[in-house]
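Colleague: I should like to go through this model with you, beginning with its strands and then turning to its helices. May we start with the term on which the strand pairings rest?

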Amino acid sequence: TPNGRAAGPGPPITLAICSNRPERLGAIPGTLAVLNEDDRVIIVLDGVAGSALDELGGDGKGPPVELVLHPSTLGLSVSRNDVLRRAATRYVLFVDDDVILTQTTLQAIRAALTDGTTVVGARLDRPPWLQKLPFWMTEGQLHYLGVHAGAPPFSVWGGCMALDAAFARASGVLFRPELGRTGVRLESGDDSSFVAEMACGGRSPRLLQDVGVVHDFSPDRVRLTYLARRVFWQGRAEVRRGSAFRGIAKEWRRNHRNAIGSTFLRRVGPAIGCLSTLVAGMGWERVSQIIQHKQHCPGQRAPGGIVP
């Protein structure tokens, strides 16, 4: 072929990268190198200046790349929905801008899609530099950083998630904007809520446990201040999707059970600290909803239940 790539086995896919971090763009050409010539690429830059496109570099080879620029910050969910509307292939593979995609993992994803699975995820592994955790963390908190830890089964997360975009469009499934990260805010849950809605069609998601990708996030995310903000926003997200009580139980299991390499005394402190922060985020979100309701609907009683 003109670019030296073959149209490999399995269905063509659209690789989608949604980013608001110009400093990560330089690593994207390495991710594109594992694609076939009949694949497509959509890169959505959310709230990133056009001059940041110079960071992409590359040698001009490979599958066609469509660049979508959001001059103002619209959020991760809006960016992902933009990809679903634009994708020319049936299948879309979302990867974070700090995930290292390998040919082996990509081949396994193609094979799973060929078998008729509508949502396929890969295991997200910790970066090599993160071997020893700080005292405020155990393996039970790695899920807040987008890393699968503990014993399977694991959930499918948006860091590396392929889906049948045609099925999603036909079913009217979209990523919920109130759950996707926007700018420096750490909303979460748009990916897992999307997966749950896709499963309502009768087809269960599949997490490939035998292959994985490295989630090479910034070391800044291991700081206590970032972790606290991330857990706080997790609590807000659980209220927004109407799963506060289920969310508390889920987060306790993850914080406590997944720390399989730690003693009880080592893991109970971070687990309690995270659970307390989670509940604080839930309370903050609920109060915010009541205030917002009173502003928009003066004279009416605030809804008694948690808004989904």
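Modeller: Two strands are said to pair if DSSP finds at least two bridges between them. With that in mind, Val41 stands opposite Val65 in β3. Please note that this is a predicted model.

Colleague: Which strand does β2 join through 6 bridges on the side of Val65, and in what sense do the two run?

Modeller: Val41 has Val65 of β3 opposite. Strand β3 covers residues 65-70, and 6 bridges join β2 to this strand. The partner is therefore a strand that meets the criterion of at least two bridges. The strand asked for is β3, and the sense is parallel.

Colleague: What is the bridge partner of Ala16 in β2?

Modeller: Strand β1 (residues 13-19) pairs with β2 over 6 bridges in the parallel sense. Strand β2 spans residues 40-46. Within β2, the bridge partner of Ala16 is Ile42.

Colleague: How many of the residues of β2 are buried?

Modeller: Buried means under 20% relative accessible area. Strand β2 pairs with β1 and is also joined to β3. The strand is mostly covered, and of its 7 residues the number buried is 6.

Colleague: Strand β8 pairs with β5 and with β6; which of the two runs antiparallel to β8, and which parallel?

Modeller: Strand β6 (residues 119-125) is joined to β8 by 6 bridges, and Ala122 has Leu208 as its bridge partner in β8. Strand β5 (residues 99-100) pairs with β8 (residues 206-215) over 2 bridges, and Val99 has His215 as its bridge partner there. The parallel strand is β6, and the antiparallel strand is β5.

Colleague: Are helices α6 and α7 parallel, antiparallel, perpendicular or oblique to each other?

Modeller: Helix α6 (residues 224-240) and helix α7 (residues 244-257) pack with their axes 8 Å apart, at an angle of about 140 degrees. Angles over 145 degrees count as roughly antiparallel, and 65 to 115 as roughly perpendicular. The arrangement of α6 and α7 is therefore oblique.

Colleague: How many charged residues does the contact of α6 with α7 have?

Modeller: Helix α6 contributes Gln234, Glu238 and Val239, and helix α7 contributes Ala244, Gly247, Lys250 and Glu251. By class, 2 are nonpolar and 2 are polar, and the number of charged residues is 3.

Colleague: For the protein chain as a whole, what share of the residues is buried?

Modeller: The protein chain has 8 helices and 8 strands, and it exposes about 14200 Å². Of its 308 residues, the buried share is 50%.

Terms used: Residues are numbered from 1 along each chain as its sequence is written. This is a predicted model: local features need pLDDT of at least 70, side-chain atom pairs count only at pLDDT 80 or more; totals for chains, interfaces and linings use all residues. Side-chain values use heavy atoms; hydrogens and water are left out. Helices (H or I, at least four residues) and strands (E, at least two) are DSSP runs, numbered from the N terminus. Buried means under 20% relative accessible area, exposed over 50%, partly exposed in between (1.4 Å probe, protein chains only). Accessible areas come from the Shrake-Rupley method with a 1.4 Å probe; for residues, only the protein chains shown count as cover. Axes are lines fitted to C-alpha atoms, for helices over the stretch in contact, and angles run from 0 to 180 degrees between N-to-C directions. Angles under 35 degrees count as roughly parallel, over 145 as roughly antiparallel, 65 to 115 as roughly perpendicular and the rest as oblique. Contact means heavy atoms within 4.5 Å. Ala, Val, Leu, Ile, Met, Phe, Trp, Tyr, Cys and Pro count as nonpolar, Asp, Glu, Lys and Arg as charged, and the others, Gly among them, as polar.
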